[in-house]
Structure formats: structure tokens, C-alpha cells
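Here are some short exercises to work through with the model open. Try each one yourself before you read the solution.

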Amino acid sequence: MWHTRLVAKRPRDPVQLAKQVFDIAIGEAEDTVSESKRHPSPKRKAGLKGGKARAKRLTPEERNKIASTAANARWKKQN
């Protein structure tokens, strides 16, 4: 498979995972998880901020229009 990266995965078995976490904690083993999986992307953080910033800048009339459009779409699905 061309899209997979050679990153060692953690075991699925809870006992083996607990032993691996313990070994990493006491320094007997190295953590094999890549840096990209340890720290979420900055794009994700920015995306989480965007909705709040947009809601803050909308006027009450705009919010009302968006809400009524969404409610109409929900009611349309039920019929």
C-alpha cells in the first residue's frame, strides 16, 4: 500500500499495551509513536476557533435566518 507509513503501532491487547506503557515510563523501551500523532495539527486548532469567531460576528438577524433555514431542512427530511 502506497499510503501507509512505516510507523510501529501500539498493541491492541490491553495487557500488552499496559506493559509497553510501563516499559516506556521506566525507560526500558522507546516510544514508537510518530510526532505527528502526538501533537495535533495547527490546522485543527484553527478550525475549532473558526465557528466561534463566525458566530460572534453574525448579527441576530443573520443568526435567525441561518437557524430557520436549518430548521426547515430538518423538517423537510422528516416528511
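**Exercise 1.** Where does Glu30 lie?

Solution. Start with the ground rules: this is a predicted model, in which local features need pLDDT of at least 70, side-chain atom pairs count only at pLDDT 80 or more, and totals for chains, interfaces and linings use all residues. Residues are numbered from 1 along each chain as its sequence is written, and side-chain values use heavy atoms, with hydrogens and water left out.

Now find Glu30: it sits in the loop between H1 and helix H2 (35–38). Helices here (H or I, at least four residues) and strands (E, at least two) are DSSP runs, numbered from the N terminus. Next, check the cover: Glu30 is exposed, with a relative accessible area of 67%. For that label, buried means under 20% relative accessible area, exposed over 50%, and partly exposed in between (1.4 Å probe, protein chains only). Last, take the distance to Gln20: the two are ten residues apart in sequence, and their C-alpha atoms are 9.2 Å apart in space.

**Exercise 2.** Find the salt bridge and place both partners.

Solution. Count first: the structure holds one salt bridge, meaning a side-chain nitrogen of Lys or Arg within 4 Å of a carboxyl oxygen of Asp or Glu. The partners are Asp23 and Lys19, whose closest N and O atoms are 2.7 Å apart. Side chains of opposite charge can pair when their charged atoms come close.

Then place them: both belong to helix H1 (residues 14–26), four residues apart, or about one turn of the helix. An α-helix has 3.6 residues a turn, so residues three or four places apart point the same way.

**Exercise 3.** Is Asp23 buried or exposed, and which residues does Asp23 touch?

Solution. Asp23 is buried, at 13% relative accessible area. Leaving out residues up to four places away in sequence, Asp23 touches Glu28 and Ala29, where contact means heavy atoms within 4.5 Å. Do likewise for Gln20, also a residue of H1: with 18% relative accessibility, Gln20 counts as buried. With the same neighbours left out, Gln20 touches Arg10, Pro11 and Thr32.

**Exercise 4.** Check the lengths of H1 and H3.

Solution. The expected span is 1.5 Å times one less than the number of residues. For the 13 residues of H1 that gives 18 Å, and the end C-alpha atoms are 18 Å apart, so the two agree. Just after H1, Gly27 takes a positive phi of about 90°.

Helix H3 (residues 42–57) has 16 residues and reaches 23 Å from first C-alpha to last, close to the expected 22 Å. Of those 16 residues of H3, zero are buried, so H3 lies largely in the open.

**Exercise 5.** Sum up the whole chain.

Solution. Go from fold to surface. The protein chain has four helices and zero strands, in the order α-α-α-α. Buried residues make up 6% of its 79 residues. Its accessible surface comes to about 7800 Å², of which 58% belongs to carbon and sulfur atoms; such areas come from the Shrake-Rupley method with a 1.4 Å probe, and for residues only the protein chains shown count as cover.
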